[in-house]
Amino acid sequence: MRRRGPGLRLRITLLTTALVAVVSAVLLFLGWTLVGRVFDSSPSFPSDTQVTVDGVTVTVKVLTDALTATARQDLLRAGLIAFACMVVAAAVLAWTFTGRVLKPLHDVTGAARRLSAESLGSRLRLEGPRDEVAELADTFDSMLDRLEAAFDSQRRFVANASHELRTPLSVVRTELDVTLSDPDADVEELRRMAGVVRAAGERAEQLVSALLLLARTDGIGLAVREPVDLSAVVESAWKATRAEAEARNLRAVFRCVPALAVGDPALLERIAGNLLENAIRHNHVGGWIETVVETGPQWSVLRVSSSGQLIPPDRVEELFEPFRRGGKDRTSQSGTGLGLSIVRAAVAAHGGFAQAVAVPTGGLSVSVHLPAAPR
C-alpha cells in the first residue's frame, strides 16, 4: 500500500502557520530597522558635544548609539515574544477552523466508507452556506440517487430475467417428469413432449440472445459508423416479419422516403425489426400497421404505429423497461419483453432518442430519431 503524506488539515495548518511566521518575521525586521532610522534622523549635534546623564558625562554620539541599541533590544525582546504568541495562535486557530471547515468532507468520506448495495438510501443533506464543500456534498447525494436508481433497476432486471428463464426451464422439467413417469408413453406422446421441450428451448434461446444484444448496446459505443438508408433497413426488416403479419391478416402501409442515418447497419435493422415485430405481435387480428420514414437537417426519423389494445398514456414510458408487454408484465405469449428496451439502448448508442405515444383508438406509435448523415 502506498504511503500517504500528511492530511489536508495538517497541511493547511502548517501552511497558515508558516505564512504568519514569515509575515511576523518581516514586520519584526522592519520595526528593528525603523527604530535605527528614527534615532539616525533625530536632530544632530556636533560630535564632540558632551551631555551629562545620571551624573555621567558622555558625548552625544555615544549617547545616541546607546539609546539606539537599547531601543532595538527592547523591540527585539517584545517582538520575539509577540512572534511566538502569533505563531502559536495561528497554528491553534488554523487547526480549529480547518477542522470545522473540513468536517463536511469527513462526512462525505464516512458516507462513502459506509456505502454498499444495501445502504444506498443514506444521504448527507448538508445544511449551511452554499460553498464548494456544500456543492461537493450535493454532488455526492446526486451520485447516490443515480446509483440507487441503477441498483434498483438492475435488481428488477435480474429478477425479471430469472423469472423469464425459469418459465421455459420449468416447462421442460415438467414435461420430462410427466413423460418419464408414464410407463405406457407411446411414440406420439414422446413426440408431443419433444415439441413442447423444443418450443421452450427456443423461447429460452430467444431470451438469452435478446439479453446479450441488450448488454452489447446498452451504454456501449458503436463499432461501425456509416451512412445507412432507413428505407432500405425497413424493407429488409419487413421481409423477415411479413409472413407473421399476413398470418394475422394485418394491413400494412408504408410511407418511406430515402433517409440516411449514421450508424451500424446491423443494429439499425434490429431497431426496425423490433419495432415491426412489436407492432405485429401486440396487434389485433385484422388490425393495421403504418411505417413512416422521414428526413430532416439534423434527424432521420423512423415511426412505426399500429392498432392494438388501449394503453393508458401515463404507462407508455413503462413499455421501454425490460420485460414489459402491452403495459403489463408478461402478458404476451410471444416475444421476450425486451424489444423496446433494445430499441432505446441501440438508438442511444447511435446518439439519438426514442419516444412513444399511445394511439387514442388503441395501439402504440413509436418514433426513433437518429442523427442524419451529412449530404
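I'm taking buried to mean under 20% relative accessible area, exposed over 50%, and partly exposed in between. On that basis, 33% of the 375 residues of the protein count as buried. Note to self: this is a predicted model.

**Overview**

I started with the inventory: seven helices and eleven strands. Then I looked up the surface, and the protein exposes about 23,200 Å², with carbon and sulfur atoms supplying 60% of that area. For contacts I took residues at least 6 apart in sequence; 72% of those contacts join residues at least 24 apart.

**Nonpolar patch**

Next I went looking on the outside. I found a nonpolar surface patch of about 830 Å², made by Val22, Val23, Val26, Leu27, Phe29, Leu30, Trp32, Leu76 and Leu80. Two elements give two or more residues to it, α1 (8-40) and α2 (60-114). Which of them gives the most? That is α1, with seven residues. Valine 22, for one, is found in helix α1.

I jotted down the helix rule here: an α-helix has 3.6 residues a turn, so residues three or four places apart point the same way.

**Aromatic pairs**

I then checked the rings, and the count comes to two aromatic pairs. One is tryptophan 238 with phenylalanine 254, edge-to-face, at 5.1 Å centre to centre and 65° between the planes. Tryptophan 238 sits in helix α5 (residues 230-247) and phenylalanine 254 in strand β4 (residues 251-256), so this pair ties together parts 16 residues apart in sequence. Is each ring buried or partly exposed? Tryptophan 238 has 13% relative accessibility, so I log it as buried. Phenylalanine 254 comes out at 34%, so it goes down as partly exposed.

The other pair is tryptophan 299 and phenylalanine 353, also edge-to-face, at 5.3 Å centre to centre with 80° between the planes. This one links distant parts of the chain: tryptophan 299 is in strand β7 (residues 299-306) and phenylalanine 353 in strand β10 (residues 353-358), 54 residues apart. I have tryptophan 299 as partly exposed because its relative accessible area is 29%. Phenylalanine 353 is partly exposed as well, at 34%.

While on rings, I looked for a charge over a face. Arginine 344 lies over the face of phenylalanine 320, at 4.0 Å from the ring centre.

**Isoleucine 280**

I picked isoleucine 280, in helix α6 (residues 265-281), for a closer look. Its relative accessibility is 0%, so I count it as buried. What does isoleucine 280 contact, leaving aside neighbours within four places in sequence? I get Trp238, Thr241, Glu244, Ala245, Arg248, Leu250 and Ile289. Trp238 in that list is the tryptophan of the α5–β4 ring pair. For leucine 250 I also noted the C-alpha to C-alpha distance: 7.7 Å from isoleucine 280, with their places 30 residues apart in sequence.

**Helix α7**

Last stop was helix α7 (residues 339-349), which is mostly covered. How many of its eleven residues are buried? I have nine. They are Gly339, Leu340, Ser341, Ile342, Val343, Ala345, Ala346, Val347 and Ala349. I also noted that glycine 351, just after α7, takes a positive phi of about 85°.

How values were computed:
Residues are numbered from 1 along each chain as its sequence is written. This is a predicted model: local features need pLDDT of at least 70, side-chain atom pairs count only at pLDDT 80 or more; totals for chains, interfaces and linings use all residues. Side-chain values use heavy atoms; hydrogens and water are left out. Patches are made of residues with over 30% relative accessible area and no salt bridge: like charges are joined within 9 Å, nonpolar side chains (Val, Leu, Ile, Met, Phe, Trp, Tyr) within 5 Å. Accessible areas come from the Shrake-Rupley method with a 1.4 Å probe; for residues, only the protein chains shown count as cover. A salt bridge is a side-chain nitrogen of Lys or Arg within 4 Å of a carboxyl oxygen of Asp or Glu. Helices (H or I, at least four residues) and strands (E, at least two) are DSSP runs, numbered from the N terminus. Rings of Phe, Tyr and Trp (its six-membered ring) pair if their centres lie within 6.5 Å; planes under 30 degrees apart count as stacked, over 60 as edge-to-face and the rest as tilted. Buried means under 20% relative accessible area, exposed over 50%, partly exposed in between (1.4 Å probe, protein chains only). A charge sits over a ring if NZ of Lys or CZ of Arg is within 6 Å of the ring centre and within 35 degrees of the ring normal. Contact means heavy atoms within 4.5 Å.
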